[in-house]
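Okay, thanks for squeezing me in, everyone. I've got one structure to show today, and I'll go through a couple of backbone spots and then a helix pair.

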Amino acid sequence: MSRKVEERLIVALDVGTSKVAAVIGEVGGDGVIRILGAGTHPSRGLRKGVVVNIESTVQSIQRAIEEAEAVSNCQIHSAYTGITGSHIRSFNSHGVVPIREKEVTTQDVDRVIDAARAVAIPADHKVLQILPQGFAIDKQEGIRDPVGMSGVRLEARVHIVTGSASVAYNIVKCIQRCNLEVDDIILSQVAASQAVLSEDEKSLGVCLVDIGGGTTDIAVFTDGFIHHSAVIPIAGDQVTNDIAVYQRTPTHSAEDIKVRYGCALASLVETDELIEVPSVGERLPRQLPRRSLAEVIHCRIDELLKLVQSELQSSGFEDRIPAGLVLTGGTSQMLGVVELAEQIFKMPVRLGTAQRAARVTGNEEIVNNPAYSTGIGLLLFGTEARSAVVSEPSGTIGVRGLLRRMKGWLQGNF
Ligand SMILES: Nc1ncnc2c1ncn2[C@@H]1O[C@H](COP(=O)(O)OP(=O)(O)OP(=O)(O)O)[C@@H](O)[C@H]1O
Ligand SMILES: [Mg+2]
């Protein structure tokens, strides 16, 4: 059966703070990924995107993989995974080299990327990703693939993502303990962007905001390329915690109430609507106005969105994103979040799911769910990285090959 042909299988393992999601896809001859199945398990060993308990994380990953394998009826051996957390740093850099033989070769591209990445980073950090932002030859800017072009001076602009080496190693360790190889580690919001942003939005200027359980991950695109990324350690978990504290209810009930009745804008809720809220201890449940729940949620989401806004202001991108914001991640599904973001940013805001990515088909429940944007994006990223390898048989890295550079140090360290 074709679904068992291993080289066509591609696996994403999104090890998030709330859930571990394993998504298995099959890449068709036309490059379209068909989702064969997915497995999800509550995540137990992470805090704010970072592994804090290896044993619990391994168990969650194992369960998610088993479920995905059972549903899709195939066995997996390796996976692309994401990384996030407050340890992530990113910056733009550029390098310049002379073009040796009048025409740009792939070796020139390699050299100019090496020149661009020659920057000091903290000793305990590793370069996780180098994402191209385009090349310039002599004075001509905005070149996507310079190989074969004539000139004397080649310049590369790149976005460099670094992260704590130990945090990355711990993710890899957990995945390897489940007998899986790590194909690559990709910044979570870069993966999610791949799934939910359109090329038009990226060209015009857009900000992706992935509001998950433990972190809110930001990626800003202008002129078609990523220019800024950041991680804010506030997301859905804080909302649940606020509900538990202010409505005096156990955390698991707070989570349930949030998902069922939560709203980030009190004006969207009827004034007289009541909800039943379980009490702590032996006390009886109470009837509370849904509006008071919305007010608690509003405070936290408002704070979070204003932090996103100040991140955009301090990085100088607030006026460079005419396509506005695209919200994704589990918390973006909450009623009123998009409307509240429109009020705060005074820009167009939409909910982003992977459905726009025409290159993914199958299982609508997964493809249309914003909580799976990172998982789907990892599949798209991995497929692109693989096709870059296949389409560059000369063994040189080439422009698209820049998308994969982490593997070397992964292999070197394990
Ligand atoms: N319908 C919903 N309404 C409101 N919140 C929701 C809904 N569904 C899920 N959530 C919240 O989304 C969060 C989980 O989102 P997601 O699955 O994107 O997180 P994650 O990827 O595991 O975590 P992170 O990316 O922060 O490491 C949880 O806080 C959950 O309560
Ligand atoms: Mg996530």
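Before anything else, a cut-off: a residue counts as exposed when its relative accessible area is over 50%. And keep in mind that what you're looking at is a predicted model.

So, first spot: Asp223. Find the loop between strand S13, 216–222, and strand S14, 225–232, and Asp223 is sitting in there. Its relative accessible area is 55%, so Asp223 is exposed. What caught my eye is the backbone: phi is positive, about 50°, and this isn't a glycine. For context, most residues other than glycine have a negative phi.

Second spot, Arg248. This one belongs to the loop that runs between helix H6, 236–246, and helix H7, 251–261. Again we have a non-glycine with a positive phi, here about 45°. Is Arg248 buried or exposed? Exposed, with a relative accessible area of 57%.

Now the helix pair. Helix H8 covers residues 290–314 and helix H9 covers 337–345; they pack at about 45°, and their axes are 10 Å apart. With that angle, H8 is oblique to H9. The crossing of H8 past H9 is right-handed.

Who makes the contact? On the H8 side it's His298, Ile301, Asp302, Leu305, Lys306, Val308, Gln309 and Leu312, and H9 brings Val337, Leu340, Ala341, Ile344 and Phe345. Sort the residues of that H8 and H9 contact by type and you get 9 nonpolar, 2 polar and 2 charged.

That's my bit, happy to take questions.

Terms used: Residues numbered from 1 in each chain as written. Chains lettered and ligands numbered in written order. Predicted model: local features only at pLDDT ≥ 70, side-chain atom pairs only at ≥ 80, totals over all residues. Heavy atoms only, no water. Axes fitted to C-alpha atoms, helices over the stretch in contact; angles between N-to-C directions. Helix = DSSP H or I, 4+ residues; strand = E, 2+ residues; numbered from the N terminus. Parallel < 35°, antiparallel > 145°, perpendicular 65-115°, else oblique. Left-handed = near helix turned anticlockwise from the far one by under 90°. Contact = heavy atoms within 4.5 Å. Nonpolar A, V, L, I, M, F, W, Y, C, P; charged D, E, K, R; others polar. Buried < 20%, exposed > 50% of the residue type's maximum accessible area, 1.4 Å probe, protein only.
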